[in-house]
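I opened this notebook to keep track of what I looked up, one entry at a time. Each entry begins with the thing I wanted to find.

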Amino acid sequence: MSVSYESVLIYFRKMNDFVQSLKGIPERWWLMPIAEGKWSPGEIIAHLIEWDRFLLDERLNRLRPGKTVPPASVEADELNARAARWAREEASREEVLAAFHHTRTRLLKRLESVPGTDRDAPFFIGNRSLTLTDYLKGLADHDEHHRKQIEAFLHTRDGSRNGPASE
C-alpha cells in the first residue's frame, strides 16, 4: 500500500502530541525499563530525538534524486547509547520532552519545505532505491514501534493512561 508524503507528516505531528502526553505519567515510570533489558520511556524518547537530529543534520541534505547517499557517519549503537545515557543521567523529563518537541518541529518545518518533485523521486542507499516518502515511512514505522512499546508498558502499570499526573 502506498503512503502519501502528507500522511507521513501528519503521523510525525501526532507522534509529537503523543510524546508530549508523557508529561502526565508518574515520574517514577519515566526511567523505568519497559521490560527486562529494554529502555525506559525517557530513553526511548531520547533515542527518537537523536534519530531526528541525524535526519536533519546528516541525511536530508544528501537525499538527492538519482544520487547515492554515503554511509552514515555515526555508529547506530553509539548514537543510541549516548541518547539513553543523556536521558538517564543528564536531562530531566521536561528537558527530554522539550528537546523532542523542538527537534520534531524543526524536522517537520524542513520536511514541509521539500519540493513536491523531490518527495517521490528515487535516490539510493547502497543498492536500494528509495524515495523520500519511502524513507520517512520507515521512520514513521520506527516511531510507531516505540509508541506501541510505551503504550503497552503504561497499560501494564495501571491498566489505563489516566494515572496520576506525577508521584
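**Entry on salt bridges.** Before looking at charged pairs I wrote down the rule: a salt bridge is a side-chain nitrogen of Lys or Arg within 4 Å of a carboxyl oxygen of Asp or Glu. I also noted that I am working from a predicted model. Counting by that rule, I arrived at 14 salt bridges.

I looked up Asp143 and found that it forms a salt bridge with Arg104, with the closest N and O atoms 2.8 Å apart. Asp143 belongs to helix H7 (residues 132-158) and Arg104 to helix H5 (residues 93-112), so this pair ties together parts that are 39 residues apart in sequence. I then checked the surroundings of the two partners, and both Asp143 and Arg104 turned out to be buried.

**Entry on a network.** I followed salt bridges that share partners, and they join Glu50, Arg53, Glu78 and Arg82 into one network. Within it I looked up Arg82 and Glu78, whose side chains meet in a salt bridge at 4.0 Å, N to O. Both residues lie in helix H4 (residues 76-90), where they are 4 residues apart, about one turn of the helix. Are these two buried or exposed? I found Arg82 partly exposed, with a relative accessible area of 35%, and Glu78 also counts as partly exposed, at 48% relative accessibility.

I looked up one more charged pair, Arg88 and Glu89, whose side chains meet in a salt bridge at 3.9 Å, N to O. Arg88 counts as partly exposed because its relative accessibility is 41%, while Glu89, at 55%, counts as exposed.

**Entry on the nonpolar core.** Which residues have the most contacts inside the largest nonpolar core? That core has 45 residues, and the ones I was looking for are Phe12, Leu22, Ile45, Leu60, Leu111, Tyr135 and Leu136. At least two residues of this core come from each of helix H1 (5-21), helix H2 (27-30), helix H3 (41-59), H4, H5 and H7. I added a general reminder to myself that in soluble globular proteins nonpolar side chains tend to be buried together.

I picked Tyr135 for a closer look and, leaving aside its neighbours within four places in sequence, I found it in contact with Phe54, Leu55, Arg59, Leu63, Phe123, Ile125 and Leu130.

**Entry on Thr131.** I found Thr131 in the loop between strand E3 (128-130) and H7. Thr131 is buried, with a relative accessible area of 12%, and its side chain reaches the backbone nitrogen of Asp134 at 3.0 Å. Leaving aside its neighbours within four places in sequence, Thr131 is in contact with Arg119, Asp120, Ala121, Pro122 and Phe123.

**Entry on the sheet.** In what order do the strands of the open sheet run? I read the order as E1-E2-E3, with 3 strands and mixed pairing. The edge strands are strand E1 (68-69) and E3, since each pairs on one side only. E1 and strand E2 (residues 123-125) pair in the parallel sense over 2 bridges, and in E2 the bridge partner of Thr68 is Phe124.

**Entry on Ser113.** Last, I looked up Ser113, which lies in the loop between H5 and helix H6 (116-119) and counts as partly exposed at 48% relative accessibility. The C-alpha atoms of Ser113 and Glu36 are separated by 41 Å, and the two residues are 77 residues apart along the chain.

How values were computed
Residues are numbered from 1 along each chain as its sequence is written. This is a predicted model: local features need pLDDT of at least 70, side-chain atom pairs count only at pLDDT 80 or more; totals for chains, interfaces and linings use all residues. Side-chain values use heavy atoms; hydrogens and water are left out. Buried means under 20% relative accessible area, exposed over 50%, partly exposed in between (1.4 Å probe, protein chains only). A nonpolar core is a set of buried Ala, Val, Leu, Ile, Met, Phe, Trp, Tyr and Cys residues joined through side-chain atoms within 4.5 Å. Contact means heavy atoms within 4.5 Å. A polar contact is a pair of N or O atoms within 3.5 Å; within protein, one must be able to donate a hydrogen and the other to accept it, and residues adjacent in sequence count only if both atoms are side-chain atoms. Two strands pair if DSSP finds at least two bridges between them.
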